[in-house]
Amino acid sequence: MTDYVRQSFLGHDAQNILAEVRVGLIGYSGGGSHFGQQFGHIGVGHFVVVDPKIIVATHRPRFIGSEPKDVEFGRLKVDIAERQIKRGNPDAIVEKFKTPWQEATNALLECDILFGAVDSYKERAELERFCRRNMIPLIDIGMDVRVLENNQYTISGQVIQSLPGGHCMRCCNFITDDKLKREAENYGDAGPAPQVIWANGVLASTAVGWGVSLFCPWRDVPKIFRWLSYDGDTGELKTPALVKGYLSKTPCTHHPMVEMGDPLCDIRNFDPSSRDVARSDVTHLNDSGTNASKNSSLISFIKCLLRRP
Amino acid sequence: MIRFKITDQLFSEIQGDLHRPHKFAFERVGFVGAGLALHGHHCTMLAHSYAPVADEDYLNEPCFGAMMGPNAMYKAMAWAFEQRVALLHIHAHVGGGIPGFSDIDIRESNKFVPDFFKVRPEMPHGAIVLNDARAFGRIWLSPKTPRPIVQFHIIGEHSRKWSTR
């Protein structure tokens, strides 16, 4: 009996499939940390984790797997990700990029699916366009807390699955030019966006289930655009009426299939023998591009001191 | 490494079309149009369109499963010229596992695929054979020598991938 017997309904070959799947996690904090934890435990074998930041104290209340010492040491979020993922699956390969995701595209291009837990409409729009051009499924989550007129608050969120050839975040008006424009105008004025662990957990868990179902479907389900709107006050997740109404009759026009690929590519310039930096050589890079972290620098310094007479 | 990606919707559409009966041809053939992404040593073909060879563009050659007439080739090359697509000839075999090209398939594709570079030299071109579950293919990165497609990815509600190595 294996560790995974309780999820054997996913198929006799499910664990092999999951071990071979490459999952990209864009943003590793309130939402992303749930992804890392759950996919690690499920048995996903290969991760590309991208987040440029270190953890600070205000991340801790929602950052799954974080510890007080991580804040004390100024640990990179991607390092915490690796630790957390390997708690679930010690055999997992975790490629870490302490960069904006736009600087990790070579690794992301090799992923079978990306999960977005980013902070802005602009990032989402760019990430979705990247995924559509390169035929990579994307599942995006996000939450919001807004103040009401009576000084109370409302929690909301969404999970959206964007598949090549299917509807997108623009189709459901989640991303609009108006929102992008207002976001650009407000840049720098917005304070830290409120987030809570339980709302992120609901959204991320739903996204994880969708992701697994793409590779190990356990039943036939109607092929509709997967978009769930989260009411964090009642705990309800529901499919907006637009999905079964207008969207069911109207294909996506925002990402035409014929726009797949890079329009500037030229096969005559391609050298099939050239290689990127070998994946095994990349752990993470700090801002100067050297392979070091705060901790390893500190340890090296201490070792140097101990060697002195 | 050469990879080929296609949505499960388009893959199913192509399978359905290739299994339609024809008046005299034993098999049907068509062309897949694809975009291209290059990074490092990876060449990824991104299938986005399918154009079946029209019924009237087959030649009645009983010695072959299907023989395309000159009009079929003309239309395919016109498509590649007008729309910057990588062209992949596609047909189906019966059976399971990873399909393979017959000697005739290889001989014929060696003749006509390099011609696609005359209209679209900056894109790779090739040939694919598929069955109910899997596919195999060869890609020409230049008119000279084909290479095998090493990985296939079907993207959709049931995503799957397989290696042909």
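**Exercise 1. Describe the overall organisation of chain A.**

Solution. In chain A, 66% of the contacts between residues at least 6 apart in sequence join residues at least 24 apart. The model is a predicted one. The secondary structure of chain A consists of 11 helices and eight strands. Of the 309 residues in chain A, 47% are buried.

**Exercise 2. Determine how helix H8 of chain A is placed, and compare its span with the expected value.**

Solution. Step one concerns length. Helix H8(A) comprises residues 197–215, and its 19 residues should span 27 Å at 1.5 Å a residue. The end C-alpha atoms are 27 Å apart, which agrees with that expectation.

Step two concerns burial. Because 14 of the 19 residues of H8(A) are buried, this helix is largely enclosed by the rest of the structure.

**Exercise 3. Establish which residues of helix H2 of chain B are buried, and explain why they line one face.**

Solution. Begin with the extent of the helix. H2(B) covers residues 70–83, has 14 residues and reaches 20 Å from its first C-alpha to its last, close to the 20 Å expected.

Next, list the buried positions: Ala72(B), Met73(B), Ala76(B), Met77(B), Trp79(B) and Ala80(B). Viewed down the axis of H2(B), the buried residues fall within an arc of 150°, so they line one face of the helix. The general principle is that an α-helix has 3.6 residues a turn, so residues three or four places apart point the same way.

Then consider the surroundings. The buried residues of H2(B) pack against strands S2, S3, S5 and S6 and helix H3 of chain B. On the other side of H2(B), the exposed residues are Pro70(B), Tyr74(B), Phe81(B) and Glu82(B).

Finally, examine the end of the helix. H2(B) is followed by Arg84(B), whose phi is positive, near 50°.

**Exercise 4. Characterise the interface between chain A and chain B.**

Solution. First, the extent. The contact takes 39 residues from chain A and 32 residues from chain B. The two chains bury about 3,000 Å² between them, with 58% of it on carbon and sulfur atoms. In chain B, the residues that lose the most area to chain A are His39(B), His41(B) and Glu157(B), together 22% of what that side buries.

Second, the polar interactions. Between chain B and chain A there are 10 residue pairs in polar contact and one salt bridge. The salt bridge joins the side chains of Asp112(A) and Lys161(B), at 2.7 Å from N to O.

Third, the contributing elements. Strands S1, S2, S3 and S10 of chain B each supply at least two residues of the side that touches chain A. The largest share of that side, six residues, comes from S3(B).

**Exercise 5. Describe the environment of Asp8 in chain B.**

Solution. Asp8(B) lies in helix H1 (residues 8–18) of chain B. With a relative accessible area of 14%, Asp8(B) falls under the 20% limit and is therefore buried. A polar atom of the Asp8(B) side chain lies 3.5 Å from the backbone nitrogen of His158(B). Leaving aside neighbours within four places in sequence, Asp8(B) is in contact with residues including Lys223(A), Ile154(B), Glu157(B) and Arg160(B).

**Exercise 6. Locate Ser162 of chain A and identify its polar partner.**

Solution. Ser162(A) is found in strand S6 (residues 153–162) of chain A. At 2% relative accessibility, Ser162(A) counts as buried. The side chain of Ser162(A) makes a polar contact with the side chain of Arg132(A), at 3.0 Å. Ser162(A) and Cys131(A) are 31 residues apart in sequence, and their C-alpha atoms are 8.6 Å apart in space.

**Exercise 7. Contrast two salt bridges of chain A by location and burial.**

Solution. Over all chains, the count comes to 24 salt bridges.

- *Asp140(A) and Arg124(A).* The side chains meet at 2.6 Å, N to O. Asp140(A) is in strand S5 and Arg124(A) in helix H6 of chain A, 16 residues apart. Both Asp140(A) and Arg124(A) are buried.
- *Asp178(A) and Arg182(A).* The closest N and O atoms are 3.1 Å apart. Both residues lie in helix H7 of chain A, four residues apart, about one turn of the helix. Asp178(A) is partly exposed at 44%, and Arg182(A) is partly exposed at 43%.

Definitions and conventions
Residues are numbered from 1 along each chain as its sequence is written. Chains are lettered from A and ligands numbered from 1 in the order in which they are written. This is a predicted model: local features need pLDDT of at least 70, side-chain atom pairs count only at pLDDT 80 or more; totals for chains, interfaces and linings use all residues. Side-chain values use heavy atoms; hydrogens and water are left out. The expected span of a helix is 1.5 Å times one less than its number of residues. Buried means under 20% relative accessible area, exposed over 50%, partly exposed in between (1.4 Å probe, protein chains only). The arc is that of the directions from the helix axis to the C-beta atoms. Contact means heavy atoms within 4.5 Å. Buried area is the accessible area (1.4 Å probe) that two parts lose on being put together, summed over both. A salt bridge is a side-chain nitrogen of Lys or Arg within 4 Å of a carboxyl oxygen of Asp or Glu. A polar contact is a pair of N or O atoms within 3.5 Å; within protein, one must be able to donate a hydrogen and the other to accept it, and residues adjacent in sequence count only if both atoms are side-chain atoms.
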